Structure formats: C-alpha cells, structure tokens
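Work through the exercises below with the coordinates open, and try each task before reading its solution.

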Amino acid sequence: MPLGVSRKVWLGLVLVVLVTAAGIALPRIYRTALLGSGFMAQTLCDGLFISGRDPQSLLDEDLTGKGYELLVFFQPEIAEKTKRVSASAFGLGRQTAIFREGLGCTLLDGRSEAELEAEAAGLSSPPDPQNKDALWPDGEKVELGSLPGGVDGAALERAIDNAFAEPDPAHPRRTRALVVVQGGRIVAERYAPGFTSTMPLIGWSIGKSALNALIGLRVGDGKLALTDTALMPEWRGKDDPRRAITVDELMRMTSGLAFDESYGDTESDAVRMLFVQGNKASFAAEKPLLFPPDTHWAYSSGTTTILARVLRETFGAERDYLSYPRTRLFSPLGMRSAVLEPDASGTFAASSFLYATARDFARLGLLFLHKGVWQGTRILPEGWVDYSLRATPLSPESEYGAHVWLKLPESSGGGEPPMPADAYYMLGHDEQVVAIVPSRDLVIVRLGLTRGDGDWDSARELAPIVSAFPLTAP
C-alpha cells in the first residue's frame with residue numbers, strides 16, 4: 001500500500017475514533033451540565049429567598065467541597081428583584097429556578113414561568129399569629145437559663161459544645177443549628193455564626209417524615225387507604241405488575257421498584273430526579289420492578305415522590321393540594337417557616353425539599369412524640385404514629401418503619417449506636433436529624449452541612465445530650 005494511502009487510512013480511523021468518542025462523551029457532558037446548573041440554581045434560589053442568606057456564603061460553603069469540584073465551571077446569574085436564579089457551564093445546560101411566595105423555589109422544566117406564577121397566586125405565607133409572643137411551641141418566646149430538675153447542666157453544655165466543635169479543619173462538620181426540647185419546651189439551643197432561630201434551612205429527607213404526616217391526614221380524611229393499589233397512571237395497564245403496589249408498600253420502601261439512590265454518581269436516579277426532572281413523580285414511576293412488591297426493602301427518594309403524587313391524586317383542585325401542607329399540618333403546629341416545594345409539574349418534591357427553622361422541625365418531632373396530638377388536639381389519626389413506628393421486617397435489622405427511621409445507621413466505626421432503644425429518627429442528607437426519645441420526653445434537632453462520611457455521627461454526638469437528661473415517668 002502506498003505511504004500516502006496508508007496515512008489517509010490512519011487519519012480516517014483516528015477521525016472515526018474521535019467522532020465516536022465525542023458522540024459518547026458529549027451527551028454525558030451535557031447531562032452533567034444540566035445537573036450542575038440545576039443544583040446551583042436550586043441551591044442559590046432556596047438559600048437566598050427562603051433562608052435569606054448571603055450569596056457569597058452559599059457559594060463558599062454550600063457549592064464547594066469534596067464531590068462538588070465541577071461546580072467551579074458553572075456561573076450563576078442572580079436576579080434579586082424578580083427572585084430568580086439561572087446557572088450554566090459557560091452557557092451549556094442552563095437552568096433557571098424561580099421563587100414563588102408560599103411554594104419556595106422551582107426549576108423551570110416543561111411549564112412556563114407565567115403558568116407557575118399563576119399556580120402560586122394567593123398561596124402566600126399566613127399572617128403572624130396573635131400569640132407569637134407566647135412561650136414556644138405556642139409562640140416563639142424561649143426562656144433559657146434554668147434547666148428542668150435532674151438534668152446534668154454541665155454535661156449538656158459540654159455535649160452542645162462538642163456538637164459545634166471543628167476538631168479537624170480538613171473534615172468540617174458545620175453544625176448550623178441545634179435545638180433541644182424536653183417536657184414540651186425548648187431547654188437549650190445554639191446556632192452557628194450567620195445562622196439564627198428564624199432562618200429556615202433545608203431538612204432534605206426529614207421531608208419524608210413530613211409526608212408521612214400528610215399521608216396520615218389524608219387516610220384520616222377517608223380519601224386514601226394503605227391498601228389502595230393502581231396508584232399511578234403509568235401502572236394502570238391491565239398486565240402491568242406495578243399496579244399491585246400498595247400505599248403501605250410505598251410507605252415502607254418495599255415497592256420493589258428500581259431506583260438508584262446514590263449521590264456520588266452524576267448519573268444516579270436520585271440526583272437526576274431532584275435537579276433535572278421537571279416531573280419527578282413520573283420519572284420515578286416509570287422505573288421497572290426489580291423485585292415483586294413486598295419482597296425487598298430499598299431506601300428510595302423516588303418512592304416518596306411517587307407518594308406525593310398519590311396524595312395529589314386525592315384532590316379535585318390543584319389549589320387544595322398545594323395548600324394542604326400549610327392548612328392541615330404546618331399552621332396547626334405553628335410551623336410558620338415551613339415551605340414544602342413542588343416541582344414544575346405541581347407535585348411536592350417531598351423527598352428532599354422541605355425548608356423550616358430548627359424550632360419548626362422540633363414542632364414536627366414533638367407531634368410524633370405526643371402520638372399525633374398537639375396541645376390537646378388530635379392532629380394525626382389515632383394509631384397513625386404507632387403504625388409509622390412498626391418495624392418493616394424487610395429493612396436491615398428492622399431499622400425502618402413507615403418513612404421514619406427506628407435505628408440510626410451504624411457508624412463508620414462500627415458498633416451499636418449508644419442511643420436509647422426507644423429512640424426514633426427523621427434523617428436527612430448532610431446529617432440532618434430530628435431525634436425523638438420518648439423515655440426522656442426529648443426531641444433534638446440538628447441541622448448542618450456535613451459531607452464527609454463519618455465526620456458527624458448522630459449516635460456519637462447526640463448520645464451525650466440524651467444522657468444529660470433523666471428518664472421520665474411513662
């Protein structure tokens with residue numbers, strides 16, 4: 001073969017390889033750009049317009065760190081007057097989140113901004129209650145200084161100091177808020193610099209337990225039953241095996257649906273559902289069955305999002321659904337700061353996007369501690385909390401109930417968590433926790449931004465707080 005022909009062949013082969021590689025890489029690059037843009041736009045929008053934080057602190061803390069290195073290639077555009085945030089990677093994968101009063105921030109996808117604004121009209125936050133100066137939880141007044149009898153004040157102070165300590169700068173724990181409730185009153189609380197008792201913060205998967213309460217309320221209304229099936233339009237085909245999935249199986253994470261809950265992979269179902277998909281429930285509902293229903297346990301934010309859509313299907317009017325969390329749960333508990341955000345399709349992203357102050361998350365914990373009764377008035381149906389705390393046998397070591405954790409996941413150091421056996425938990429990404437300890441009449445809320453595995457251990461850090469309180473009478 002002549003040399004010139006051979007060179008042309010090799011150049012052609014190289015060109016084919018490059019084009020093939022580009023064809024493989026470019027779609028992934030674009031998907032990654034969409035994900036990064038969605039995460040940046042959502043995080044900044046929430047932080048600015050719900051939490052009221054400084055944009056630079058959000059960029060320096062929430063949008064940096066291990067696992068978030070690629071975000072240096074993304075640029076935000078903040079429009080404070082119109083309360084919207086856009087982000088892209090040099091123009092690639094641009095996404096925009098808009099803030100709506102009463103509904104928080106939503107990424108635009110599949111619906112126009114005008115449609116979303118019309119949907120939110122009239123759903124603003126409720127007026128200040130007349131008793132806001134009453135003692136918490138009726139109001140926001142907190143009297144610290146004298147602890148209940150039998151409390152080891154010195155031990156409690158040391159434990160709280162430890163919760164905010166930063167022993168290793170290379171592994172920041174970043175506790176932002178800590179509230180301790182005993183006997184129905186806040187007896188201790190602390191906030192990191194820049195954070196306050198009035199600042200709503202993200203609870204991540206604490207929202208799953210809030211959805212538990214909303215489902216319970218709808219069951220109590222007689223509009224939903226734990227045995228209901230054929231729950232999603234995607235499952236109603238005559239031969240679709242998913243039509244057999246029940247509400248109870250969704251509550252207990254035993255639906256058998258495929259869903260990748262990992263967070264370190266930019267291609268995982270969880271991160272793409274949260275920051276790319278405008279209709280999150282349909283994305284999750286389209287997943288196939290990996291196991292027959294009620295034969296396998298797998299923690300899944302997609303499952304919670306499906307439940308939020310199931311809840312939506314019980315309402316005839318969209319406005320009734322969107323106002324339901326506030327009218328039936330948040331307002332009766334005095335959770336004025338709470339914002340449960342819907343996606344662009346109008347379904348609550350209840351798996352992850354619940355914002356509230358630490359005090360308001362404590363109110364949610366107190367409702368569960370009192371078995372669904374609030375200040376003498378029953379909120380949740382009789383027996384609902386007991387149902388929620390009944391262990392799901394398919395979960396590892398029966399650690400999960402119905403959208404409530406019955407045990408803390410084992411720490412990276414191994415061993416049994418040193419917490420009372422009757423304690424249970426609402427847990428969220430980056431180590432958010434609402435710990436409920438009936439034997440000590442305690443609710444403890446910790447909110448923060450801990451991203452390193454093992455840097456915060458809820459059993460290790462919260463057990464000394466619990467131990468400072470005496471056992472209470474049953």
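The exercises that follow concern side-chain contacts in a predicted model.

**Exercise 1.** Classify the ring pair formed by Phe-39 and Phe-275, and find where its two partners lie in the chain.

*Solution.* Begin with the geometry: the ring centres are 5.1 Å apart and the planes make an angle of 85 degrees. Because centres within 6.5 Å count as a pair and planes over 60 degrees apart count as edge-to-face, the contact between Phe-39 and Phe-275 is an edge-to-face aromatic pair. Next, place the partners: Phe-39 belongs to helix H1 (residues 3-49) and Phe-275 to helix H7 (residues 269-275), with their positions 236 residues apart, and the pair thus links distant parts of the chain. Then check the accessibility, where Phe-39 has a relative value of 10% and counts as buried, while Phe-275, at 6%, is buried as well. Finally, widen the view: Phe-39 and Phe-275 belong to one aromatic cluster that also contains Tyr-68, Trp-204 and Phe-353, and the count for the model comes to 14 aromatic pairs.

**Exercise 2.** Determine which parts of the chain the salt bridge between Arg-173 and Glu-461 ties together, and whether each partner is buried or exposed.

*Solution.* The side chains of Arg-173 and Glu-461 meet at an N to O distance of 3.2 Å, and the cut-off for a salt bridge is 4 Å. Arg-173 lies in the loop between helix H4 (153-164) and strand E5 (175-182), whereas Glu-461 lies in helix H13 (residues 458-467), so the bridge ties together parts 288 residues apart in sequence. As for accessibility, Arg-173 is buried at 5%, and Glu-461 counts as buried at 2%. A search of the whole structure gives 28 salt bridges.

**Exercise 3.** Identify the contacts that Arg-218 makes with Asp-221 and with the ring of Phe-315.

*Solution.* Take the charged partner to start with: Arg-218 and Asp-221 form a salt bridge, their closest N and O atoms being 3.2 Å apart. Turn then to the ring, where the charged end of Arg-218 sits over Phe-315, 3.8 Å from the ring centre. Lastly, compare the environments: Arg-218 is buried, with a relative accessible area of 8%, but Asp-221 is partly exposed at 29%.

**Exercise 4.** Locate Val-72 and describe the surface patch to which Val-72 belongs.

*Solution.* Val-72 is found in the loop between helix H2 (55-62) and strand E1 (75-79). Its relative accessible area is 64%, so Val-72 is exposed. Together with Leu-70, Phe-73 and Phe-90, Val-72 forms a nonpolar surface patch with about 470 Å² of accessible area.

Definitions and conventions:
Residues are numbered from 1 along each chain as its sequence is written. This is a predicted model: local features need pLDDT of at least 70, side-chain atom pairs count only at pLDDT 80 or more; totals for chains, interfaces and linings use all residues. Side-chain values use heavy atoms; hydrogens and water are left out. Rings of Phe, Tyr and Trp (its six-membered ring) pair if their centres lie within 6.5 Å; planes under 30 degrees apart count as stacked, over 60 as edge-to-face and the rest as tilted. Helices (H or I, at least four residues) and strands (E, at least two) are DSSP runs, numbered from the N terminus. Buried means under 20% relative accessible area, exposed over 50%, partly exposed in between (1.4 Å probe, protein chains only). A charge sits over a ring if NZ of Lys or CZ of Arg is within 6 Å of the ring centre and within 35 degrees of the ring normal. Patches are made of residues with over 30% relative accessible area and no salt bridge: like charges are joined within 9 Å, nonpolar side chains (Val, Leu, Ile, Met, Phe, Trp, Tyr) within 5 Å. Accessible areas come from the Shrake-Rupley method with a 1.4 Å probe; for residues, only the protein chains shown count as cover.
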